[in-house]
Amino acid sequence: MKSTAVEQAVQTDSPAELRRHLFYETSHSPTLADLVGYEKAKTIIDFCFIANPYYPTAAMLEDLQRNLPNLIKSYPTSNPLMSQKSLAAVLGVDPERLIIGNGATELITLIDMTLIDRIAVPIPTFGEYIEKMKDQRDAELYALDPERGYELRLDDYLAWVHERNLECLVVINPGNPTGQFIPRDEMTDFLHRARDLELVIVDESFIDFAGDPIPSLLPVADQFTNLLIVRSMSKHCGVPGLRLGYCYSANLFVLNRLRRFLPTWNLNTLAQYFLSLLPPTNDEYHEARKRLIGDVRWLEGALRGIPSIDVYPTGANFVLFKVRNGMPATELQARLLAEHQMYVRDCSNKLGMDALHIRVASQGREKDARLVEALSSLMR
Ligand SMILES: Cc1ncc(COP(=O)(O)O)c(C=O)c1O
């Protein structure tokens, strides 16, 4: 069996070096397979990476398994239109206005490299918008105030962007890692006031968990030619390993520029096949989505009952909290892993955040209840 990154590194690195490699060389967390190997990873509950536990359904997974040998032996199509049509059918949008990427991260890299000279980014945030700029100094960081719960206030943000003569900004809604949700009417007002900007990126990777109906900007997007919506499918469709994300814009110039630089065959056959399953399983998808929304509400409430942690309100499928008993987030993460076989996101390596925040993604009511129990025992 192939050795894991940990096993390979252990041969040369001290434990401190190893921890630095895995946790601090990128702004992302190591996978459980990196940390403990593929087999042991199955015995640990992953609250760190964010993915819908109820979708794809068991029948879809069986279908994918059945088709795997053939899919692996086939080339993906070089024409993405069929996949765009499948996705457009469930989103209710024009397929020509979609670009599908190998994860939203591929598209964010492309956006940073081809469309942007300078960009405003509120922090703490998902790091790729900053890290994939040609020069990271061209990302102008708008530091959210910890005393105000890292709340993004759109008016203040836009005034700051105008003051600095920036032409491009990003808003992640709901925010990662905060979970802050901004309702659609506020976002629409903001878009009207930001019409003078060249590009407004709204990342809606978690919007499917913000309410029912989904309060996305997709239905109004065609009114704003400077708007580019980015969405990861890893989280709401529960398929981070397939690498799927997309962007939508009414601006064909922007779309064509991105398309020009997208590698041919960027989507693998398994991902393309999965997209073809979306229309026939759309009802199951929405059931799964609403079930998870219920679970997150429960998790948020239960976490509020634990002394010594401060819980942030969430519109996403995860909850952020601050540890108040003096235990650093790194220690709490390590203890949950060692003593309870649970993996949570220590947010200490997020730019603009202190060393006391943990983010947990809902893994369904039963596992979430075990997490609440474990945390309660550690916070006593
Ligand atoms: C806000 C946000 N956007 C985009 C992504 C990228 O997701 P992926 O590349 O898995 O589609 C993430 C992943 O955590 C995210 O948090």
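**Group meeting: the ligand site and three backbone oddities**

Hi everyone, let's start at the ligand: 15 residues surround it, and Thr-105, Asn-176, Asp-203, Ser-232 and Ser-234 come nearest, where near means a heavy atom within 4 Å of the molecule. Please keep in mind that this is a predicted model, with local features needing pLDDT of at least 70, side-chain atom pairs counting only at pLDDT 80 or more, and totals for chains, interfaces and linings using all residues. Numbering runs from 1 along each chain as its sequence is written, and side-chain values use heavy atoms, leaving out hydrogens and water.

How confident is the predictor? The mean pLDDT of the protein chain is 92, and 93% of its residues reach 70 or more; pLDDT is the predictor's confidence in each residue, from 0 to 100. Residues 1-12 fall below 50, and this stretch has 12 contacts in the model beyond near neighbours in sequence (contact: heavy atoms within 4.5 Å).

Back to the ligand, and its polar contacts (pairs of N or O atoms within 3.5 Å). A side-chain N or O atom of Asp-203 is 2.7 Å from a ligand nitrogen, and a polar side-chain atom of Ser-205 lies 3.3 Å from a nitrogen of the ligand. On the oxygen side, Ser-234 places a side-chain N or O atom 2.6 Å from a ligand oxygen. Taken alone, the ligand exposes 400 Å², and the protein buries 92% of that (Shrake-Rupley, 1.4 Å probe).

Which element gives the largest share of the shell around the ligand? That is helix 7, residues 104-114, with three residues; helices here are DSSP runs of H or I, at least four residues, and strands are runs of E, at least two, numbered from the N terminus.

Now the backbone. Most peptide bonds are trans, and most residues other than glycine have a negative phi. Here, Asn-173 to Pro-174 is cis, with omega near -10 degrees, and Asn-176 to Pro-177 is cis too, with omega near 20 degrees. Pro-174 is in the loop between strand 5 (168-172) and helix 10 (184-193), and Pro-177 is also found between strand 5 and helix 10.

Finally, Asn-165 has a positive phi of about 55 degrees although it is not a glycine. Asn-165 belongs to the loop between helix 9 (154-163) and strand 5. Thanks, everyone!

How values were computed. A polar contact is a pair of N or O atoms within 3.5 Å; within protein, one must be able to donate a hydrogen and the other to accept it, and residues adjacent in sequence count only if both atoms are side-chain atoms.
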